[in-house]
Amino acid sequence: MARRLLGADSAAVFNIQEPEEETANQEIGSPHASVGSPLDGQKEYKVSSCEQRLISEIEYRLERSPVDESGDDIQYGDVPVDNGVAPFFEMKLKHYKIFEGMPVTFTCRVTGNPKPKIYWFKDGKQISPKNDHYTIQRDLDGTCSLHTTASTLDDDGNYTIMAANPQGRISCTGRLMVQAVNQRGRSPRSPSSHPHVRRPRSRSRDSGDENEPIQERFFRPHFLQAPGDLTVQEGKLCRMDCKVSGLPTPDLSWQLDGKPIRPDSAHKMLVRENGVHSLIIEPVTSRDAGIYTCIATNRAGQNSFSLELVVAAKEAHKPPVFIEKLQNTGVADGYPVRLECRVSGVPPPQIFWKKENESLTHSTDRVSMHQDNHGYICLLIQGATKEDAGWYTVSAKNEAGIVSCTARLDVYTQWHQQPQSTKPKKVRPSASRYAALSDQGLDIKAAFQPEASPSHLTLNTGLVESEDL
């Protein structure tokens, strides 16, 4: 009956043959065929295709994820290693089934050049070298082992060893199945000195009782992937992805603040081929904010995780607008100058500066661009020169639009006033009819010297005739 339900190769049912029947199978499944000590009582078994897919998924993720420092005292320098070889397993981990309270040892052998670092994981979570429950050893020939002296039901799971060096990473996984001691009336095995001696029982019972339920192996749900808290803008799409393991395959349900979520036009629940479950909300509204709980349930039990979804209010976009525009400015050569304006917009716009047709992309020690959270924008020029003169344009852009304004900067040369000369002006003596101009006004007598004056003018000095006067 057990073989019909679980398959001939399944390890979910323990071998319950009599000792004389077990002896014939020692080469395949007896403790003496295992890698660990024959006294450990650990027996190998074949994993199901479902478990093998889970193991492959764990190894795939571990080989591509960062890990904490291993317990190996190995340092890799920057100097390349001659004839470097990526790690590879000469002997891989095997799968075991044991009773609760029994010891178990996982063993493998790995080589590589340079010597690879070793990391151990349980169900994808790294086992610290300081963990007291496990003993981790590594021999000089590359043999690595993980040992626990007394297994508990919590030790049930997948154990992965990863070896890494600069040439690459490689991993292999062993499955440990821990059986509760008193299931089906079974008692713990006898002391290790007699591994095949069991409590007497009748062959008729061992052959199977039709009224006795067959003990199947179940695995409680375990989340391999779960999202954290989310913040999504109103009106956008929200996606929550998770991945869960368990046997039989768990059923998932979602809750919002303790109330079940029903699929509708805005809430969809999907399952991809790779086993990833998704809750998709589109569009997100303010009513979707709250605490989300995902519950995975099967016959072995249930597991859950929770996260908080925060819905950010949708912003009303407003195009940029200048509250204060650039002003035409003049400055003396060598003096600092500021080109200032103020702009508003939702969301806050990006600012771009141009001089003539040349973009100003970054600040320098002499020309720098500044802006604050209140919309004030400034282009500061330290020590303006004639080359700085010209037309300047500032543009503000956001999702709702773009706006620009332009102003002129003039840089003029400083005028240095010359001191006035105290040397008196000279007037060249001549018989010209033009008068000489002085600070006191028109001086006729200074313009006409007596010796140069015509005789008809000297007769009456008070009278002056001139067409120009």
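## Second pocket and backbone exceptions in a predicted model

Pro283 lies in the loop between strand E17 (276–281) and strand E18 (290–298). In this predicted model, a cis peptide bond joins Pro283 to Glu282, with omega at about -5 degrees. Most peptide bonds are trans, and most residues other than glycine have a negative phi. The report takes up the departures from both patterns, together with one pocket.

**Cis peptide bonds**

A cis bond is also found between Leu247 and Pro248, where omega is about -5 degrees. Pro248 belongs to the loop that runs between E13 and strand E14 (251–256). Leu247 itself falls within strand E13 (238–247), and Leu247 is among the residues closest to the centre of the second largest pocket.

**The second largest pocket**

The second largest pocket holds about 1100 Å³ of space. Its lining consists of 40 residues, and those closest to the centre are Phe219, Arg220, Ser245, Gly246 and Leu247. Two or more lining residues come from each of helix H4 (49–62), strand E9 (157–165), strand E11 (219–225) and strand E13 (238–247). Helix H4 makes the greatest contribution to this lining, namely six residues.

Which domains supply the lining of the second largest pocket? At least three residues come from each of domain 1 (50–60 + 86–179) and domain 2 (219–312). Sorted by class, the lining comprises 14 nonpolar, 12 polar and 14 charged residues.

**Positive phi values**

Two residues other than glycine are described here for a positive phi. Asp257 has a phi near 55 degrees and sits in the loop between E14 and strand E15 (259–260). Strand E14 (251–256) also bounds the loop that contains Pro248. Glu356, likewise with phi near 55 degrees, is placed in the loop between strand E23 (350–355) and strand E24 (358–360).

Are these two side chains buried or exposed? Residues between 20% and 50% relative accessible area count as partly exposed. Asp257 is therefore partly exposed, since its relative accessibility is 49%. Glu356 is also partly exposed, because its relative accessible area is 38%.

The two residues are set out below.

| Residue | Phi | Relative accessible area |
|---|---|---|
| Asp257 | near 55 degrees | 49% |
| Glu356 | near 55 degrees | 38% |

Methods
Residues are numbered from 1 along each chain as its sequence is written. This is a predicted model: local features need pLDDT of at least 70, side-chain atom pairs count only at pLDDT 80 or more; totals for chains, interfaces and linings use all residues. Side-chain values use heavy atoms; hydrogens and water are left out. On a 1 Å grid over the protein atoms alone, a cavity is a set of points where a 1.4 Å probe fits but cannot get out, and a pocket is an open set with protein on both sides within 12 Å along at least five of seven lines; lining residues have an atom within 4 Å of a point. Grid points are joined across faces, edges and corners, and a volume is the space filled by probe spheres set on the points. Helices (H or I, at least four residues) and strands (E, at least two) are DSSP runs, numbered from the N terminus. Ala, Val, Leu, Ile, Met, Phe, Trp, Tyr, Cys and Pro count as nonpolar, Asp, Glu, Lys and Arg as charged, and the others, Gly among them, as polar. Domain bounds come from an automatic or database domain assignment. Buried means under 20% relative accessible area, exposed over 50%, partly exposed in between (1.4 Å probe, protein chains only).
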